[in-house]
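User: I am new to reading protein models and would like to learn how to go from the overall layout to single side chains. Could you take me through this one step by step?

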Amino acid sequence: MYPSASDLKHMYEVAKSEIPIEEALAGLHEAFDHYVPKYSGDTLRAFAYIKQYLFHKHYVTSQRTLASHQTEKPLSYANKKRVVRKELTPDWLKENEETEPSAPAFKNDAHFEEEKKKLADSLRELEQELKNN
């Protein structure tokens with residue numbers, strides 16, 4: 001069987017990748033061993049299947065290695081005390097807060113209802129003016 005231009009391209013990509021040659025050759029044999037035909041007469045016809053298998057296997061292996069290295073490292077940040085920064089409020093901001101009048105507090109429900117009626121009346125008057133204009 002002669003490799004096609006597409007096969008040569010995929011082989012070149014595997015050769016130029018960071019996969020070691022020994023791992024690539026072992027993965028080549030594994031790819032053929034793990035291949036399951038979908039129907040009778042189904043065979044491997046392209047190196048693209050092998051390339052996909054090799055890249056996936058290398059990715060999984062590298063992620064596992066990375067994860068194991070990360071879990072082996074001591075957590076140096078866990079032993080450090082957390083520094084809490086407290087920024088001071090400028091004086092001019094404090095002065096503005098003190099001079100602003102606070103919202104009027106209602107003394108009781110009757111006072112609240114009275115204010116509510118006044119607002120409703122003024123709203124009706126505005127609506128009437130808008131209709132008239």
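Analyst: Let us begin with the order of the elements, which from the N terminus on run α-α-α-α-α-α in the protein chain. The chain has six helices and zero strands, and this is a predicted model, which is a point to keep in mind as we go on.

User: How should I treat confidence in such a model, and where in the protein chain is confidence lowest and where highest?

Analyst: Where pLDDT is low, the predicted coordinates should not be read in detail. In this chain the mean pLDDT is 81, and 83% of the residues reach 70 or more. Confidence is lowest in helix H4 (residues 76–79), with a mean of 60, and highest in H1, with a mean of 90.

User: Then let us look at H1. What span should its 12 residues have at 1.5 Å a residue?

Analyst: Helix H1 covers residues 5–16 and should span 16 Å, and the end C-alpha atoms are 16 Å apart, which agrees with the expected value.

User: Which residues of H1 are buried, and which are exposed on the other side?

Analyst: To judge this, take under 20% relative accessible area as buried and over 50% as exposed. The buried residues of H1 are Asp 7, His 10 and Val 14. Seen down the helix axis, these buried residues fall within an arc of 65 degrees, so they line one face of H1. On the other side of the helix, Ala 5, Tyr 12, Ala 15 and Lys 16 are exposed. For the whole chain of 133 residues, 11% count as buried.

User: What does the side chain of His 10 make a polar contact with?

Analyst: His 10, in helix H1, is buried with a relative accessible area of 11%, and its side chain makes a polar contact with the side chain of Lys 51 at 3.1 Å. Leaving aside neighbours within four places in sequence, His 10 is in contact with Phe 47, Ala 48 and Lys 51. The partner, Lys 51, lies in helix H3 and is buried as well, with a relative accessible area of 15%. With the same neighbours left aside, Lys 51 is in contact with His 10, Glu 13 and Val 14.

User: Which residues does Leu 28 touch, not counting residues up to four places away in sequence?

Analyst: Leu 28 lies in helix H2 and counts as partly exposed, at 24% relative accessibility. Leu 28 touches Phe 47, Ile 50 and Leu 54. The C-alpha atoms of Leu 28 and Ile 50 are separated by 6.3 Å, although these residues are 22 apart along the chain. For the chain as a whole, among contacts between residues at least 6 apart in sequence, 57% join residues at least 24 apart.

User: How many aromatic pairs does the structure hold, and how is such a pair described?

Analyst: A pair of aromatic rings is described by the distance of the centres and the angle of the planes. This structure holds one aromatic pair. The rings of Tyr 35 and Tyr 49 have centres 5.4 Å apart and planes at 80 degrees, so the pair is edge-to-face, given that angles over 60 degrees count as such. Tyr 35 lies in the loop between helix H2 (21–34) and helix H3 (48–72), while Tyr 49 lies in helix H3, so the pair ties together parts that are 14 residues apart in sequence. Tyr 49 is partly exposed, with a relative accessible area of 28%.

Terms used:
Residues are numbered from 1 along each chain as its sequence is written. Side-chain values use heavy atoms; hydrogens and water are left out. Rings of Phe, Tyr and Trp (its six-membered ring) pair if their centres lie within 6.5 Å; planes under 30 degrees apart count as stacked, over 60 as edge-to-face and the rest as tilted. Helices (H or I, at least four residues) and strands (E, at least two) are DSSP runs, numbered from the N terminus. Buried means under 20% relative accessible area, exposed over 50%, partly exposed in between (1.4 Å probe, protein chains only). Contact means heavy atoms within 4.5 Å. The expected span of a helix is 1.5 Å times one less than its number of residues. The arc is that of the directions from the helix axis to the C-beta atoms. pLDDT is the predictor's confidence in each residue, from 0 to 100. A polar contact is a pair of N or O atoms within 3.5 Å; within protein, one must be able to donate a hydrogen and the other to accept it, and residues adjacent in sequence count only if both atoms are side-chain atoms.
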